[in-house]
Amino acid sequence: MMERAESCQKLYTRMRLWEFPDEYVIEPTDGSSASSLSISRVDASMKLIDNVPECSSVRVPKIQTIFGVVGILKLVAGSYLIVITDRECVGSYLGHPIFKVISLKVLPCDHSLKNSPAEQKKMETEFSGLLKIAEKTSGLFFSYDTNLTLSAQRLYDLGDESKLLPLWRQAEPRFLWNNYMLEVLIDNKLDPYLLPVVQGSFHNFQAAIGKDIIDVTLIARRCTRRNGTRMWRRGADPDGYVANFVETEQIVQMNGFTSSFVQIRGSMPFLWEQIVDLTYKPKFEIVRPEEAARVAERHFLDLRKKYGSVLAVDLVNKHGGEGRLSEKFANAVQPIVSDDLRYLHFDFHKICGHVHFERLSFLYDQIADFLEKNGYLLLNDKGEKMKEQLGVVRTNCIDCLDRTNVTQSMIGRKMLELQLRRIGVFAAEETISSHPNLDESFKLLWASHGDDISLQYSGTAALKGDFVRFGQRTVQGILKDGYNALLRYYLNNFADGTKQDAIDLLQGHYIVSVSRDMMPPSQTGGLEAIASFPLALCLVLIGLFLTIMSLKQVRYDLRHLFFSMLWASISAAIAAFVKANGRIFCNRPRLHKPRC
C-alpha cells in the first residue's frame with residue numbers, strides 16, 4: 001500500500017447548516033470539537049463562533065445536514081454560498097473513501113441587494129439564474145482524506161512537507177474544479193472547510209482471476225483551464241490550454257501490488273472553432289493559422305514538463321474539413337517532433353469504419369514500443385516503487401469523445417494485460433478475453449467512463465458505446481447513436497450557450513464587476529435582439545398552412561392563387577433568412593469571449 005498522505009488538519013465530513021434570517025451558521029457535527037462558521041446574509045462576511053446563536057420566535061432557522069462547502073461566488077451586489085447537500089460513496093482511491101456529489105445547493109447572501117439600483121438588481125437576477133444551471137453540474141467527486149487531483153505516481157512523489165499541507169494546497173490547480181470558488185475561504189484561513197472537488201468520472205470493480213481478486217479503478221480528471229461545452233470550446237487558447245482536456249488514470253490493485261497507468265485526451269492544440277449556425281455539421285474555422293506552431297509548442301512543452309515523453313495520436317479523418325485540421329496539426333507539431341515527442345495519425349473512420357473496431361490492433365502495433373518503453377507506475381507490497389511511468393499517450397479526435405474513448409479503452413486493456421503479466425498473474429499469451437467476468441467488467445468500466453466524460457462536454461452519452469460495452473456494434477447501439485446525435489444537435493444549437501455562461505461564471509473565466517461597463521447576459525443588440533428560432537419556425541409553419549388553405553380555395557376564386565403564392569413566398573423568405581443568419585438564431589454565450 002502507498003504511504004498515507006495525512007494533512008495537518010482534517011476536513012469536516014458532516015455539518016449542520018442553520019439558516020437564520022440574517023446569517024448562515026455551519027456547525028461541524030462529525031465529532032470535531034471545533035468552532036462554527038458564521039456567514040452574513042447581507043455581505044457574506046465570515047467569522048468563527050464558539051456557539052450557535054439561540055433561536056427565538058423571531059429568528060427561527062431552517063436546519064439541514066450538509067457534507068461540504070464548495071465555495072463562495074461573488075456577483076454584482078450579492079455573494080452566493082454553494083454547499084453539498086447529498087453525497088454517495090462510490091468506492092475508494094488507494095484506500096481512501098471517494099464520494100460523488102449528488103446534489104448542490106446555492107444559498108444567497110444578497111440582502112444588500114435591497115438598496116441597490118434597479119439596473120444592478122436586474123443584472124443580479126440574470127447572473128443568479130445561471131447558478132441554477134450550475135446546481136445541476138454533473139460528475140463531481142471529492143475525498144476528505146486524500147488528494148483526488150493527483151495521480152498515484154504524483155501522490156507517491158509528494159515530499160514529506162507537502163503531505164502535511166491542507167489538501168487544497170496539495171491540489172493540482174488544473175483539476176481543482178472549485179479553485180476559483182475557494183478563494184474567499186482561503187483568504188479567511190478556513191482550511192477545515194476547504195474541500196477540493198474534481199469534475200470527471202470515478203468507477204471501479206473487483207473480479208476473480210482464479211483464487212485471486214483484482215481491483216480496477218478508472219478515474220477521469222477534467223482540466224478547468226478551457227472548460228466548457230462541445231461547440232463553444234474547441235481547440236486551444238493562445239497559452240496552449242486545450243478544450244476537453246481529461247486525464248484518465250487506470251489503477252490496478254492485486255496481491256499487494258499497486259499499479260497506475262495514465263492517459264490524456266484533448267482537442268487539437270491550435271486556435272480553431274466550429275460555431276453553431278443551425279446546420280448539422282458547422283464548418284471548421286482555423287483562427288490565426290500563423291500562430292498554430294507557437295500554440296502547439298506551448299501545449300506540448302507543458303505536457304512534457306508534467307508527463308515526460310508524449311505520443312500524440314490523431315484519430316481524425318484525412319480528408320474534408322477534418323482533414324484540413326489534421327494537416328494543420330501535423331504541420332504545427334513537425335518542427336518540435338523529437339525523441340520526447342512523437343506524432344502519429346491514424347484515420348479511425350477509414351481504417352475501422354463504423355463496425356470494424358478490432359482493426360485498432362493496427363494502431364497498437366505502431367505504439368506498442370512507446371507503451372513498453374514508458375511503462376506505468378508499479379509499487380510492491382511494501383509500497384516501494386518498482387517501476388514508474390515515463391511518458392503519456394495523448395489521444396484526440398474532433399470532440400475527443402467517441403473515437404477517443406474506444407481507442408483509450410483498447411490501450412487500457414493492453415496495459416492491464418502487461419501489468420498482470422509483470423506481477424505474475426497472467427502467462428505470456430494470456431489475455432483479459434480469456435476471463436469472461438473480468439472482460440465484461442472491464443468493458444462496462446470504460447463504457448461508463450466514456451459516458452460520463454461525454455455528458456459533461458456534449459450533453460449526451462458517448463457514441464459507439466456498444467462496442468466498448470460488448471466488443472461489437474449492435475443494431476440497438478447504432479439506433480441509440482442516432483438519437484444521441486440528434487440530441488447533441490439540439491443542445492449545441494439551443495441550450496449550450498447558456499450552459500457555457502454558467503461554466504465560465506463558476507470557473508472564474510468571467511468575473512463579475514460593477515465598476516466596468518457591462519450588460520446583463522440576456523441583453524444584445526441588432527438582429528440578435530429579436531432573432532428567435534421558435535418564432536421563425538412558427539411563422540414558416542403558419543405561412544405553409546395559409547398556402548395550403550389558399551390553394552384549396554383556388555377552384556372557387558383564382559385570387560387565392562395569388563395569396564397562396566404570397567404566403568409561400570413569405571415562408572420561403574423567412575426560411576432563407578434564418579438559414580443565411582443561422583448563428584444569431586442559436587443559443588450563444590453572452591459572457592466570456594475567448595481570445596481565439
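**Exercise 1.** In this predicted model, work out how helix α1 is oriented relative to helix α14.

*Solution.* Start by finding the two helices: α1 covers residues 118-134 and α14 covers residues 496-507. Next, look at how they pack: the angle is about 95 degrees, and the axes lie 9 Å apart. Now check the cut-off: angles from 65 to 115 degrees count as roughly perpendicular. So α1 is roughly perpendicular to α14.

**Exercise 2.** Find which residues of α1 and α14 meet, and sort them by character.

*Solution.* On the α1 side, pick out F127, L130, L131, I133 and A134. Their partners in α14 are T498, K499, D501, A502, L505 and L506. Then sort the residues of this contact: eight are nonpolar, one is polar and two are charged.

**Exercise 3.** Is strand β3 buried or exposed?

*Solution.* Go to residues 36-40, which make up β3. Check one side of the strand: S36, S38 and S40 are buried. Flip to the other side, and you'll find L37 and I39 buried as well. That's five of the five residues, so β3 is largely enclosed by the rest of the structure.

**Exercise 4.** Which strands pair with β3, and in what sense?

*Solution.* Take β2 (residues 23-28) to begin with: it pairs with β3 in the antiparallel sense over four bridges. Here Y24 stands opposite I39 of β3. Now try β4 (residues 46-49), which pairs with β3 in the antiparallel sense, over four bridges. In this pairing, L37 stands opposite L48 of β4. Finally, trace the chain from β3 to β4: they form a hairpin with five residues between them. In that turn, A44 has a positive phi of about 65 degrees.

Conventions:
Residues are numbered from 1 along each chain as its sequence is written. This is a predicted model: local features need pLDDT of at least 70, side-chain atom pairs count only at pLDDT 80 or more; totals for chains, interfaces and linings use all residues. Side-chain values use heavy atoms; hydrogens and water are left out. Axes are lines fitted to C-alpha atoms, for helices over the stretch in contact, and angles run from 0 to 180 degrees between N-to-C directions. Angles under 35 degrees count as roughly parallel, over 145 as roughly antiparallel, 65 to 115 as roughly perpendicular and the rest as oblique. Contact means heavy atoms within 4.5 Å. Ala, Val, Leu, Ile, Met, Phe, Trp, Tyr, Cys and Pro count as nonpolar, Asp, Glu, Lys and Arg as charged, and the others, Gly among them, as polar. Buried means under 20% relative accessible area, exposed over 50%, partly exposed in between (1.4 Å probe, protein chains only). Two strands pair if DSSP finds at least two bridges between them.
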